[in-house]
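Trainee: I would like a close look at one part of this model. Please start from the whole protein and work inward.

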Amino acid sequence: MKRFSLSVLLTLSIAAVGLPGLAHAEPAIGFQRLSLPATDRNRALEVAVWYPAEAAGETTPIGDNPAFVGTAVRVGAPPQPGRHGLVVVSHGYGGNWTNQQWLAADLVAHGYVVAAPNHPGSTSRDMARPDAVMLWKRPGDLSRVIDWLNDEPRWSALLVAGQAAVVGHSLGGWTAVALAGGRFEPWRLKAACDAHPLMAACGPEIGGLGVEGPQSQAWATQPLADGRIKAVVTLDLGLSQGFDPESLSRSEAAFLVVGAGAGNPKMPVELESRHLAGSLPSDRTRSVEIADAGHFSFLGVCKAGAIPRLEAERPGDGAICRDRDGRDREAIHRQVSALVVSFLTSTMPPR
């Protein structure tokens, strides 16, 4: 496993964003919403797609609301010609496809097509009762998106066929690892929760996701991996204690494991991101911990006044907009984006 010093991080950042005077013209950010119908094997999905586009039409802010700053995109703009690497993104528990669009925009600027579904039952606009969430369906949602985009002529003409990268935040990080071959064994998570009950992975919400009880034995043995996944990025993932270490060591994907700083008893980096990185193939794993990032630093940029608004709606939700030591969230995003772009361009080039 590779751990990075500050000098190496700065080198990666320069490589990713380019030097002044040498930057190439960035493509416009095209955007489309897709509705994938339910089938005998798959549930219906709402999917957002960002892609390199021609600068045609007006820009529209997407994902802008009273709490979060949106991203300017060109809805339905003609795509830039050529084929592009595909990155699929998985949001966390209670999140949605807008959460990492700041990263999607940067990936499009470097030539990638990015797609993010809302996971039914665990998205902010569709929170089913815990025992109906069906955690094991999340990796299948991402495989469905990859299938759809590669099968539809309009999208397949834009993609490098047969490969994809996956980025996941929090529970989305668990989804990404499962998609890359990590075998989840509920008894492992239960043992970790017995020893560390304060972890968010052991809370009542997660406890209802089907990770315990009779149904867990049925889905835990199902194959969730997708052989098209070439690269994986986890952003302060959760539930990593439940993965079988042997299955992680056999994964053929390359990994970038990004963790928030130490000291959060609900998302202890040593028991989540650091634990995961230590079980992955050392020659294909990069691990970075951002000391002044919190778990929610990987969500969008909050507007002024968002914290009291969120607290008024639901006490405690203001934490979504707080970062450690008062660091600017945009600065954290620039650091993370530089790491992700550098990692992906070296393991799965955009073209």
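Trainee: How much area does the protein expose, and what percentage of it do carbon and sulfur atoms supply? After that, please look closely at aspartate 236: in which loop does it lie?

Mentor: This is a predicted model, in which local features need pLDDT of at least 70 and side-chain atom pairs count only at pLDDT 80 or more, while totals for chains, interfaces and linings use all residues. Residues are numbered from 1 along each chain as its sequence is written, and side-chain values use heavy atoms, with hydrogens and water left out.

The protein exposes about 14,800 Å², and carbon and sulfur atoms supply 54% of that area (Shrake-Rupley method, 1.4 Å probe; for residues, only the protein chains shown count as cover). Of its 351 residues, 54% are buried. Buried means under 20% relative accessible area, exposed means over 50%, and partly exposed lies in between, with a 1.4 Å probe and protein chains only. The secondary structure comes to 12 helices and 13 strands; these are DSSP runs numbered from the N terminus, with helices (H or I) of at least four residues and strands (E) of at least two. Among contacts with a separation of 6 or more, 78% are between residues 24 or more positions apart, where contact means heavy atoms within 4.5 Å.

Now to the part you asked about. Aspartate 236 lies in the loop between strand E11 (229-235) and helix H9 (245-249). Aspartate 236 counts as buried because its relative accessible area is 1%. Its phi is positive, about 45°, although it is not a glycine. Most residues other than glycine have a negative phi.

The side chain of aspartate 236 is joined to that of histidine 295 by a polar contact of 2.7 Å. A polar contact is a pair of N or O atoms within 3.5 Å; within protein, one must be able to donate a hydrogen and the other to accept it, and residues adjacent in sequence count only if both atoms are side-chain atoms. Leaving aside neighbours within four places in sequence, aspartate 236 is in contact with Ser170, Val258, Gly259, Ala260, Met267, Ser273, His295 and Phe298. Arginine 274 is 38 residues from aspartate 236 in sequence, and their C-alpha atoms are 9.5 Å apart.

One of these contact partners, Ser170, also has a positive phi, about 60°, although it is not a glycine. Serine 170 sits in the loop between strand E10 (164-169) and helix H5 (171-179). Serine 170 counts as buried because its relative accessibility is 13%.

Further along from H5 is the loop that leads to helix H6 (186-195), and it holds glutamate 185. Glutamate 185 is buried because its relative accessible area is 17%. Its side chain makes polar contacts with the side chains of arginine 188, at 2.5 Å, and arginine 183, at 3.5 Å. Apart from neighbours within four places in sequence, glutamate 185 is in contact with Gly242 and Asp244.

For comparison, consider the cavity. There is 1 cavity of 30 Å³ or more, and about 50 Å³ of space lies in it. A cavity is a set of points on a 1 Å grid over the protein atoms alone where a 1.4 Å probe fits but cannot get out, and lining residues have an atom within 4 Å of a point. Grid points are joined across faces, edges and corners, and the volume is the space filled by probe spheres set on them. The lining includes Trp50, His91, Asn96 and Trp97. Helix H2 (101-109) and strand E7 (113-117) each supply at least two lining residues, and E7 gives the largest share, 3 residues.

Two of those lining residues, His91 and Asn96, are in contact with threonine 123, which is found in strand E8 (residues 122-123). Threonine 123 counts as buried because its relative accessibility is 3%. A polar atom of its side chain lies 2.7 Å from the backbone oxygen of glycine 95.

An exposed residue completes the picture. Proline 308, in helix H11 (residues 306-313), counts as exposed because its relative accessibility is 55%.

Key: 1 Å grid on protein atoms, 1.4 Å probe; cavity = no way out; pocket = protein on both sides within 12 Å on 5 of 7 lines; lining within 4 Å.
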